[in-house]
Structure formats: structure tokens, C-alpha cells
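Work through the exercises below with the coordinates open. Each task is followed by a solution in steps.

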Amino acid sequence: MDSFVPIMITIHLENGFCKLSNMPFDSILAKLHFQQEMNNGTFDGDYYKQLPFLKMSDGIYHTSKPFYEINHISNETIIKSFNLNLYLKLDGDMTYAQKILNPNSNHLRQHKIEFELIYTDKITYYVHGDYKYIESLLQNLNFIGKKASIGWGKIFSIEMEELKEDFSLVKDNIPSRHLPDISKYKSKDLYKVNIPLTPPYWRACNDIALVSKDTL
């Protein structure tokens, strides 16, 4: 804990755009940490365990949501269709052949998904934790946001700077992330919502968090 310091992390994008989540940076660090444990053969399968390299107080990690300036926004559409030839090449199970051969069948039907892309020069996060360990984890971060498989959010470089003040929870009297529903964080400018307070953020939960009106 003595080695924990406030840090500013700045991510520069190679292509200048990404589909970014508004979740705190602990989700990305958790993924990198668990992947490293998997590579080392030490991961125990527990995605809920506490991350030892981040400061935690009031049940949340000291990691902020992304901060960035939007240059412009574009709408992109991806068409998804089920490729039967690929399915057969991969030795697909033909037990439900009639359904598979029907392009309008349930999840196999063709469909389109629309995304809003954010164009920005850089993305900044604030964290409080072990500088050296976080630096080592970020060496394996090459993309950020959704649809990395098609090149969105490709990272050009990452800069880290040790700070004197911790902005991971609050910056300029504005919450840097969603906060627990306790008296010390309550104010008229915050709303109660149902969001997990710690990763994995895809899990269903009963956590009640406070979020800024600006994030709704």
C-alpha cells in the first residue's frame, strides 16, 4: 500500500476513434491482470477477487471513468450474417440442420448493429495504485473499447504520470466515476442507479451507485 501513488494515464489513439465504455479503468486493469495470471498458470477462475495493485475505499477502486474531448461523432453500421460454409468448415454440429439452413432462424438470422464512434485525440484516466505494476500491465493494452477485432480503438501510445493529488474519485468537485450510495458522496447533483461498484461490470447485481447527471 505504501507504494500506491496517484497516476494520470493518457492513451493516444492511432486511428483517432473508438467505441468507448463509460466504465472506470479498473475493468480494463482487471482484464489485463487476470490474463497475465492465466498466462502464468496462476489464475484460480475468480473474477470477483480484489485487485491487490489498486487502492480501494468505501468498497470501490480508485479509478476514474474516461476523460476526453470529442472532435466529432459518427454513426457506423455493421451487418452480421451467419456463414454456413464457415460453420461446416469448422465441423459445426448439424443436429439442427433445418434451423441452421433457415437464414431467418432466431440468432442465426442476418441483422445489423449500429454504433456511435467517438473521434478524439486522447483519452485520460486517473488511478491510484502501484505505478510499476500498472505500467507493466499496460504494455499489453493494444486496443481500447469495443470492436477491437476490426481495428477500432487502436492505441498508438500510453503515457503515465505520477500526480500529487488523487483525481480518481473526484476532480474539480465533480465525481470521476460512479460512487457508492453513502452519505459522504450524496449531493443534489447525483442520481441513484443500479450499477456494479466493482468489476466485472457485466454481472447482474443489487449495487446502488451514485452517478453525475452529466453521465445520464
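**Exercise 1.** In this predicted model, find which residues make the nonpolar surface patch of about 500 Å², then place Tyr48 and classify it as buried or exposed.

Solution.
- Step 1: The patch is formed by Met38, Tyr47, Tyr48 and Trp202.
- Step 2: Tyr48 lies in the loop that runs between H1 and strand E3 (56–57).
- Step 3: Its relative accessibility is 52%. The exposed class begins over 50%, so Tyr48 counts as exposed.

**Exercise 2.** Locate His33, decide whether it is buried or exposed, and list its partners outside the local sequence.

Solution.
- Step 1: His33 sits in helix H1, which covers residues 26–40.
- Step 2: Because its relative accessibility is 7% and the buried class is under 20%, His33 is buried.
- Step 3: With neighbours within four places in sequence left aside, the contacts of His33 are Leu51, Pro52, Phe53, Tyr133 and Leu137.
- Step 4: With Tyr133, the contact is also polar, side chain to side chain, at 2.6 Å.

**Exercise 3.** Describe the largest nonpolar core and say which of its members touch the most others.

Solution.
- Step 1: The core holds 28 residues, and those touching the most other members are Ile9, Ile11, Phe25, Tyr125, Ile134, Leu138 and Ile144.
- Step 2: Two or more residues each come from strand E1 (4–13), H1, strand E7 (122–130), helix H4 (131–138) and strand E8 (155–162).
- Step 3: A separate second core has 10 residues, among them Leu179, Leu190, Leu197 and Leu210.

Technical notes. Residues are numbered from 1 along each chain as its sequence is written. This is a predicted model: local features need pLDDT of at least 70, side-chain atom pairs count only at pLDDT 80 or more; totals for chains, interfaces and linings use all residues. Side-chain values use heavy atoms; hydrogens and water are left out. Helices (H or I, at least four residues) and strands (E, at least two) are DSSP runs, numbered from the N terminus. Buried means under 20% relative accessible area, exposed over 50%, partly exposed in between (1.4 Å probe, protein chains only). A polar contact is a pair of N or O atoms within 3.5 Å; within protein, one must be able to donate a hydrogen and the other to accept it, and residues adjacent in sequence count only if both atoms are side-chain atoms. Contact means heavy atoms within 4.5 Å. A nonpolar core is a set of buried Ala, Val, Leu, Ile, Met, Phe, Trp, Tyr and Cys residues joined through side-chain atoms within 4.5 Å. Patches are made of residues with over 30% relative accessible area and no salt bridge: like charges are joined within 9 Å, nonpolar side chains (Val, Leu, Ile, Met, Phe, Trp, Tyr) within 5 Å. Accessible areas come from the Shrake-Rupley method with a 1.4 Å probe; for residues, only the protein chains shown count as cover. A salt bridge is a side-chain nitrogen of Lys or Arg within 4 Å of a carboxyl oxygen of Asp or Glu.
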